[in-house]
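Student: I should like to look closely at one strand of this model and then follow its surroundings outward. Please begin with the pairing of a single residue.

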Amino acid sequence: MTEISLEPGHVVAVLGTGIMGSAMARNLVAAGLRTTVWDRSEQAAAPLADVGALVAASPQEAVLDAGMVITMLPTADAVESVMFAGEVTDALARGAVWAQMGTIGVAATTRLAHQLGRLRPGVLFVDAPVSGSKGPAEEGQLLILASGPAAAEAVVASAFSAIGRKTVWLGAAGQGSRMKLVVNSYLSFLIEGVAETLELASRLGIDPAGLDAVIEGGPLDAPLADAKLHKMARGDFAPEFPLEWALKDVDLAIAAADGDRLPLLEALSRQWHAAVEAGHGRQDISAARLALGSQARPVVRI
């Protein structure tokens, strides 16, 4: 195994090049960072060669000589399968930083950090889920909720600067995941609130454009809610943040509450499970609107 120093500027490896990971990789390349990518799907990773990333044939190949490894995979099982079952951790350089940036929950994050510490004590683990969807990811405007050892901060600084508008360091590894679940619970309430508000407006004969005009510029005019209101009203459910991923985060938040009741979040989980079972999981989170009764009525353009 290669030994490297804790300095920025080494290769950055991105494992997982879906909606978010591919956008991250493009911004890393654009920032002048040598970037290697891998994904289970060759079709997902191959286009990144056109922008200057090196496409690896395996995750082990991707992480060789990398000073920083980003995992942007959808579930804890996927992360564990790639990093441990796939023996990728054995291929990590001494002194490298593994930045786990997907949302996989508190328990899984803690388990991964402990497992890495046992197997590779010379590798630093950073828990750094991101807040933001497709648009902010493409623009390098993600909010990075980082937690982990202070020694890792200098290593990841240039990469985090390329993919995010702001990095907030929150303490020991695990705190980033805790904050992400809280933030995404808030986001989920906003989205379901917009969906049900539009449903009520439809039942009362209120034009969405009129609702938008009343809210615009006032204290209720939250940018995310406004964007999703327009997306729902247009009937545009192209995925920016798929509903099934949002539901996964809701369920992780409920699990992290450790048995304490969160009645609204639990009700939202049931509603979104029904939406996913109805076939809307791969559509945008705004497809929460499709699980409500009158969405079949004509859409008003605003």
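Which residue in S5 stands opposite Thr71?

Tutor: Thr71 faces Gln100 in S5. The model is a predicted one, in which local features need pLDDT of at least 70, side-chain atom pairs count only at pLDDT 80 or more, and totals for chains, interfaces and linings use all residues. Residues are numbered from 1 along each chain as its sequence is written, and side-chain values use heavy atoms, with hydrogens and water left out.

Strand S4 spans residues 66–71; helices (H or I, at least four residues) and strands (E, at least two) are DSSP runs numbered from the N terminus. Two strands pair if DSSP finds at least two bridges between them. S4 is joined to strand S5 (residues 97–100) by four bridges, and the two run parallel. S4 also pairs in the parallel sense with strand S1 (residues 11–15), over five bridges, and there Val14 stands opposite Ile70 of S4. S4 is mostly covered, with six of its six residues buried; buried means under 20% relative accessible area, exposed over 50%, and partly exposed in between (1.4 Å probe, protein chains only).

A second set of strands forms an open sheet in the order S7-S8-S9, with mixed pairing. Strand S7 (130–131) and S9 stand at the edges, each with a single partner strand, so one side of each has no neighbour in the sheet. Strand S8 (residues 142–146) and strand S9 (residues 164–169) pair in the parallel sense over five bridges. From S8 the chain passes through helix H8 (residues 153–163) to S9, and this β-α-β crossover is right-handed: with the strands pointing away from the viewer, the path from the first strand over the helix to the second runs clockwise. Leu142 stands opposite Gly164 in S9, while Ala146 has Trp169 as its bridge partner in that strand.

Charged side chains add further links, as the structure holds 11 salt bridges, each a side-chain nitrogen of Lys or Arg within 4 Å of a carboxyl oxygen of Asp or Glu. In one of them, Arg111 meets Glu80 at 2.8 Å, N to O. This pair links distant parts of the chain, since Arg111 belongs to helix H6 (residues 106–119) and Glu80 to helix H4 (residues 76–85), 31 residues apart. Arg111 is partly exposed, at a relative accessible area of 39%.

Another salt bridge lies within a single helix: Glu199 and Arg203 both belong to H9 and are four residues apart, about one turn of the helix. Their closest N and O atoms are 2.5 Å apart. Glu199 is buried, with a relative accessible area of 5%, whereas Arg203 counts as exposed at 57%.

Helix H13 (residues 263–280) contributes buried residues, including Leu265, Glu266, Leu268 and Trp272. The buried residues of H13 pack against H9 and helix H12 (243–256), where contact means heavy atoms within 4.5 Å. Glu266 is also paired in a salt bridge with Arg261, the closest N and O atoms being 2.8 Å apart. Glu266 counts as buried at 18% relative accessibility, but Arg261 is exposed at 60%. Elsewhere, Lys228, Lys231, Arg234, Asp236, Glu240 and Asp284 are linked in a network of salt bridges.
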